[in-house]
Amino acid sequence: MNYKIALIRGDGIGPEIVNETVKVIDKVGEKFGHTFEYVDVLMGGCATDAVGVSYPAGTAETCKACDAVLLGAVGGPRWGSDKPAEQRPETALLAIRKDLGLYANLRPAALRPALSDACPLKKETAEKGIDLLMVRELTGGIYFGKRDKYQTPDRGMEATDLMAYSEMEIERIGRRAFEFARLRRHKVSSVDKANVLETSRLWRAVMHRLAAEYPDVQYEDVLVDNCAMQLVRDPGQFDVVVTENMFGDILSDEASMVTGSIGLLPSASMGDGAPALYEPIHGSAPDIAGQDKANPIATILSAAMMFRYSFHLAAEADAIEAAVDKALADGWRTADIAKPGETVIGTRRMGEVICENI
Ligand code: NAD
């Protein structure tokens, strides 16, 4: 098969980590008999420098003509909040998510076996293993609701943010969660605050309806406060965790921290029809850009997700993940994950080692 991949290399360490990931993708192609066509897409601060805006006209159309989008990272101090919106890289990130209709954000949080001592939790907890997939609704809820700020006669200023969810929005993200659970360990934990919020009661009712359609998937409701606790007490109990936008924003950061380093965690955002977008959870790390210091693993594992979810090539995804685990088990470390005294390798060498393992 031939696959067409849009590459948004972006800013800071983006080009370096995408370069290594492309080498890994090509290696997988060589081994499994696939070919890849890459389409470079200019977006972010580098686009502002080149053409004056961070999200040039036609960006979404170019991406839509591809099978998947791989993004390094965008942003940096040169294009800060003092610049007009159209020059800021964050504007481009929001725009591409909206234009591709990416309503489901997936963040796996897995503790790589060789790095279990990087887990900030108790040793016994880490030893049980952590391998969960956070599925966050990305385009609805309180972040997109009506907001207002006004003067009251007697209580000073007042502000409101409206949280609204429709059955359609809940059902489409819920269905995704059940489908992902079928590719994993067949368990869905749906997180809400149904003891207080009306939106959560609707969320729960829709999830229960869906659960009946997926009898092979174990289902549970978890209150958001309890979920926050369970993530540090016993994260190994979770397989797929599905939740609304704001709860997911907070819980996915908590879940990623329990697994150790920011340089290791991939993510995917998907919608219906348009290509999904794969990117590391970290930013453009301007402090180490261009120095061959960045850890490329989060981006390489994002490519593994691309094989699994966009190309439906599970063996290829497994091969990438196994190659990463072997590199770590063999003691290869970039600076961000090295302990004092351990030998440190650069971005390019880490990419090479992972390619060799494939
Ligand atoms: P960051 O994630 O870029 O960096 C935080 C810290 O982690 C830094 O010390 C950095 O050196 C380190 N780090 C990050 N990724 C690493 C890697 N792969 N290997 C080794 N070390 C790594 O977060 P920040 O400093 O808050 O943001 C920098 C820029 O990135 C900002 O302009 C921000 O807006 C942007 N950003 C972009 C995205 C995105 O493109 N999706 C996401 C977050 C932040």
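Two strands count as paired if DSSP finds at least two bridges between them. With that in mind I opened this predicted model and turned to the sheet.

**Entry 1: the start of the chain**

I looked up strand β1 and strand β3 (residues 68-73), and I noted that they pair in the parallel sense over five bridges. For a landmark in this pairing I wrote down Ile8, which stands opposite Leu71 in β3. I then went to the other partner, and found that six bridges join β1 (residues 2-10) to strand β2 (residues 35-40), and that these two strands also run parallel. Here my landmark is Ile5, which stands opposite Tyr38 in β2. Following the chain from β1 to β2, I passed through helix α1 (residues 14-32), and I recorded this β-α-β crossover as right-handed.

While I was in helix α1 I stopped at Lys31, which lies in that helix. Is Lys31 buried or exposed? Its relative accessible area is 53%, and because exposed means over 50%, I entered Lys31 as exposed. I also looked up how Lys31 stands to Asp131, and the two are 100 residues apart in sequence and 27 Å apart in space, going from C-alpha to C-alpha.

**Entry 2: the whole sheet**

Next I wanted the order of the strands, and I found an open sheet of 10 strands that reads β2-β1-β3-β12-β11-β4-β5-β10-β8-β9, with mixed pairing. Which strands are at the edges? They are β2 and β9 (218-223), each of which pairs on one side only. From one strand to the next, the twist averages 25 degrees.

Further along the sheet I checked strand β5 (residues 131-137) and strand β10 (residues 240-243), which pair in the parallel sense over four bridges. In this pair Met134 stands opposite Val241 in β10.

**Entry 3: salt bridges**

I reminded myself that side chains of opposite charge can pair when their charged atoms come close. The count for this model comes to 34 salt bridges, and I looked at several of them in turn.

In one of them the side chains of Arg176 and Asp272 meet, at 3.3 Å from N to O. Why does this pair tie together parts that are 96 residues apart in sequence? I noted that Arg176 lies in helix α6 (residues 167-183) whereas Asp272 lies in the loop between β11 (266-270) and β12, so the salt bridge spans that separation. The accessibility of the two partners is worth writing down as well: Arg176 counts as buried at 18% relative accessibility, while Asp272 counts as exposed at 53%.

Another salt bridge joins the side chains of Arg184 and Asp239, at 2.8 Å from N to O. This pair links distant parts of the chain, with Arg184 in the loop between α6 and β8 (187-192) and Asp239 in the loop between α8 (224-233) and β10, 55 residues apart. I entered Asp239 as buried, because its relative accessible area is 1%. I then saw that Arg184 and Asp239 belong to a network of salt bridges that also takes in Asp131 and Arg185.

I also looked up Asp330 and Lys326, whose side chains meet in a salt bridge at 2.7 Å, N to O. Asp330 counts as partly exposed at 44% relative accessibility, and Lys326 is partly exposed too, with a relative accessible area of 41%.

**Entry 4: positive phi angles**

I searched the loops for positive phi values, and wrote down Asp292, a residue other than glycine with phi near 60 degrees. Asp292 has its place in the loop between β12 (276-280) and α10 (297-310), and at 24% relative accessibility I entered this residue as partly exposed. I added His312, which is not a glycine either and yet has a positive phi of about 55 degrees. His312 lies in the loop between α10 and α11 (314-329), and with a relative accessible area of 64% I entered His312 as exposed.

**Entry 5: domains**

Last, I looked up the domain assignment of the protein, which gives domain 1 (1-113 + 261-358) and domain 2 (120-258). How far apart do the C-alpha centres of domain 1 and domain 2 lie? I noted 25 Å for that distance, and I wrote down that the contact takes 18 residues from domain 1 and 22 residues from domain 2.

Definitions and conventions
Residues are numbered from 1 along each chain as its sequence is written. This is a predicted model: local features need pLDDT of at least 70, side-chain atom pairs count only at pLDDT 80 or more; totals for chains, interfaces and linings use all residues. Side-chain values use heavy atoms; hydrogens and water are left out. A crossover is right-handed if, with the strands pointing away from the viewer, the path from the first strand over the helix to the second runs clockwise. Buried means under 20% relative accessible area, exposed over 50%, partly exposed in between (1.4 Å probe, protein chains only). Axes are lines fitted to C-alpha atoms, for helices over the stretch in contact, and angles run from 0 to 180 degrees between N-to-C directions. A salt bridge is a side-chain nitrogen of Lys or Arg within 4 Å of a carboxyl oxygen of Asp or Glu. Domain bounds come from an automatic or database domain assignment. Contact means heavy atoms within 4.5 Å.
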